[in-house]
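Here is a short report on one protein chain. Look at the structure first, then read on.

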Amino acid sequence: MENNHHLPDDHTGISPVPGAKDDAEPKLDSEAEEIKNEESQAQESDPHFDLEKASEDIDKFLSSLTSDDVSVEVPEFVEKYLDLVEQKVSGEGRPKWCQVPDEDSAFLESLDRVSKLTKSLRELKPEEEKSESRGSLINRVGGIQQRAMSYLEEEFRFLLEESKTAESESESAEPEAFPGYSDDVVSGLSKIAKQMISGGYESECCQIYIMSRRNAFEESIQRLGFEKYSIDEVQRMSWESLEREIATWIKAFKQCATVYFPGEKTLADRVFSAEFPSISASLFSNLTRGILIQLLNFVEGIAMTKRSAEKLFKFLDIYETLRDTVPAMDGLFQDECENELKTETNTARSRLGEAAIFIFCDLENSIKADTAKTPVPGGAVHPLTRYTMNYLKYACEYKETLEQVFNEHSKIEQIDPTNRPPFEEGSFMNSMDSENENQTPFAVQLMTVMDLLDTNLEGKAKLYKDVALSNIFMMNNGHYILQKIKGSAEIYSVMGDTWCRKRSSDLRQYHKNYQRETWNKLLGCLNHEGLNPVHGKVAKPLLKERFKSFNQMFDEIHRTQSSWVVSGEQLQSELRVSISALVIPAYRSFLGRFSQFLDAGRQTEKYIKFQPEDLENYIDELFDGNPMSTARRKP
């Protein structure tokens with residue numbers, strides 16, 4: 001350092017101090033050099049003390065500066081301070097961040113002073129002859145700062161990525177702990193982020209953060225089993241594969257909305273928000289928006305797949321997940337981003353709901369298309385009836401969701417009448433007339449399906465040549481439908497008491513028709529007309545003919561109707577009881593009145609083949625679907 005400021009203005013070399021000796025100044029210089037050497041040795045022997053002392057000197061120097069300073073002399077200790085900081089920055093074997101908190105704090109303090117020193121030196125207005133040395137100093141400080149920031153970048157990345165193991169463990173044991181960083185690590189991340197951003201390295205800091213967290217986030221989703229698929233890839237997948245992927249998607253979406261996204265928001269806020277809230281919000285939005293769009297693309301792809309009946313329930317599962325889970329994300333995003341994501345989510349849900357309506361309404365076309373001309377053996381419940389009712393029962397487990405979907409689609413149609421399923425007149429969208437104005441759109445559609453099924457079954461009943469069997473068929477199917485409806489509170493609440501009472505009345509009518517066609521004819525054989533005894537005698541030929549006709553007719557009924565099917569033990573029992581109550585008393589009465597007029601022995605055995613208890617046993621063999629062998633009967 002120059003000593004010109006110690007010389008008098010006349011440069012005579014004479015000491016300005018009165019009485020001073022000629023050799024005084026050289027002695028002072030020698031003492032100063034000795035003190036300087038001692039300080040230097042002290043610095044070398046105690047670097048911590050040196051850095052602490054130098055830091056105090058730097059702080060005093062920086063606080064004394066103003067932007068108007070022109071000829072400020074940069075103290076010598078600045079270079080020494082930079083030597084110490086440079087050793088700290090480039091020193092090998094330094095412990096990893098957060099292992100020695102005091103070391104971390106000291107490093108950040110030193111780097112903060114370097115940043116301030118750089119800024120102050122650039123703001124000073126140096127004299128022309130000093131500008132070159134000042135520029136060299138600024139370059140040196142800049143180099144130190146750059147190396148320090150490179151070091152911080154690595155430590156920042158290390159802290160973000162080193163926690164992956166802890167994160168995995170915390171997720172398996174306690175998902176709410178996501179993303180699994182300790183308080184010390186979060187504190188370290190926050191301090192490094194503040195230093196990097198304040199030092200002009202915001203871009204590098206944000207890039208490291210978002211890349212590390214995106215990788216960690218995607219790994220977390222992959223651990224749930226969800227893979228990233230494009231919309232085209234989803235559309236090309238088989239339905240069996242998609243069913244598995246849908247189950248995984250539901251799990252992943254719920255986890256993201258309720259655990260991952262809130263966890264990421266908390267992390268970003270703790271690392272950045274105290275000093276840089278806008279950066280925190282931006283990083284969180286950029287990170288999670290990409291993940292959410294990826295999840296919604298899967299939904300878009302699902303909604304665009306070829307529609308079929310079995311897909312309805314999985315579609316509704318996804319719809320319910322979106323409806324019930326999205327509110328958990330309220331308040332996580334900035335207003336503009338939140339509005340955008342809500343629009344994207346609502347659009348995906350709406351398309352899925354529209355696809356669900358098309359699938360459900362297509363049940364109409366499935367019923368209409370079932371025009372098979374082969375009757376079901378034995379008058380049993382038709383496969384179409386079983387399929388339709390089981391489908392409706394399962395669908396009505398989603399009753400509230402389907403009502404919501406139909407209501408939303410109905411509102412869309414009111415705005416845009418062209419946006420409707422392409423069905424014939426009389427179907428759902430054309431059934432919303434005054435007669436049904438008090439019913440929900442879903443209830444109207446359900447009624448429409450039931451009416452179509454009735455019409456189809458009536459057509460199938462006409463395929464039977466035997467009118468009695470035709471009525472058994474209608475009784476079987478009607479009873480099956482009624483039991484399914486009564487067994488489902490959801491369907492019953494839609495169809496209502498009036499509809500069910502009408503169905504019960506129809507069943508009773510089918511029962512009466514069956515009895516009239518089968519058993520009333522049999523009872524005609526037991527008619528007393530023409531058999532009333534005259535003078536204690538009856539017309540034996542007519543009596544024999546009546547017994548013979550009864551035996552033949554009952555035998556034919558038993559042979560035929562034991563192969564018929566009545567589904568459901570309750571209906572089967574009711575039919576048998578009603579038949580027994582009709583036939584057995586009449587037969588017992590006829591037998592008791594006229595059997596005495598047949599000769600005992602051969603005539604009795606020939607014409608009286610059945611006792612009342614025999615008839616009861618044979619009636620109990622009806623409707624089992626197993627033809628009985630005539631060999632079991634009396635000869």
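## Helices and salt bridges

Arginine 289 counts as partly exposed, at 29% relative accessibility. The term has fixed cut-offs: buried means under 20% relative accessible area, exposed means over 50%, and partly exposed lies in between (1.4 Å probe, protein chains only). This is a predicted model, in which local features need pLDDT of at least 70, side-chain atom pairs count only at pLDDT 80 or more, and totals for chains, interfaces and linings use all residues. Residues are numbered from 1 along each chain as its sequence is written, and side-chain values use heavy atoms, with hydrogens and water left out.

**The whole chain.** The protein chain has 22 helices and zero strands. Here helices (H or I, at least four residues) and strands (E, at least two) are DSSP runs, numbered from the N terminus. Of the 635 residues in the chain, 46% are buried. The accessible surface comes to about 33400 Å², and carbon and sulfur atoms hold 48% of that surface. Accessible areas come from the Shrake-Rupley method with a 1.4 Å probe; for residues, only the protein chains shown count as cover. Now take the contacts (heavy atoms within 4.5 Å). Among those with a separation of 6 or more, 79% join residues 24 or more positions apart.

**Helix α11.** This helix covers residues 277-303. Its 27 residues should span 39 Å at 1.5 Å a residue, and its end C-alpha atoms are 38 Å apart, which agrees. The expected span is 1.5 Å times one less than the number of residues. Is α11 enclosed or open? In α11, 20 of the 27 residues are buried, so the helix is largely enclosed by the rest of the structure.

**Salt bridges.** Side chains of opposite charge can pair when their charged atoms come close. A salt bridge is a side-chain nitrogen of Lys or Arg within 4 Å of a carboxyl oxygen of Asp or Glu. By this rule the model has 17 salt bridges. The table gives three of them.

| Acidic partner | Basic partner | Closest N and O atoms |
|---|---|---|
| Glutamate 340 | Arginine 289 | 2.3 Å |
| Glutamate 300 | Arginine 351 | 2.6 Å |
| Glutamate 556 | Arginine 559 | 2.5 Å |

Glutamate 340 forms a salt bridge with arginine 289. Glutamate 340 sits in helix α13 (residues 335-369) and arginine 289 in α11, so the pair ties together parts 51 residues apart in sequence. Glutamate 340 is partly exposed, at 31% relative accessibility.

Glutamate 300 pairs with arginine 351. Glutamate 300 lies in α11 and arginine 351 in α13, so this pair also ties together parts 51 residues apart in sequence. Glutamate 300 counts as buried, at 12%, whereas arginine 351 is partly exposed, at 44%.

Arginine 559 and glutamate 556 both belong to helix α19 (residues 540-561), where they are three residues apart and separated by about one helical turn. An α-helix has 3.6 residues a turn, so residues three or four places apart point the same way. Arginine 559 is partly exposed, at 40%, and so is glutamate 556, at 37%. Elsewhere, salt bridges that share partners join Asp330, Glu338 and Lys342 into one network.

**Cysteines.** How many disulfides does a search of the whole structure find? The search finds zero disulfides (pairs of cysteine sulfur atoms within 2.5 Å). For cysteine 206, the nearest cysteine sulfur is that of cysteine 205, 5.3 Å away. Cysteine 206 is buried, with a relative accessible area of 14%. Cysteine 500 is buried too, at 3%.
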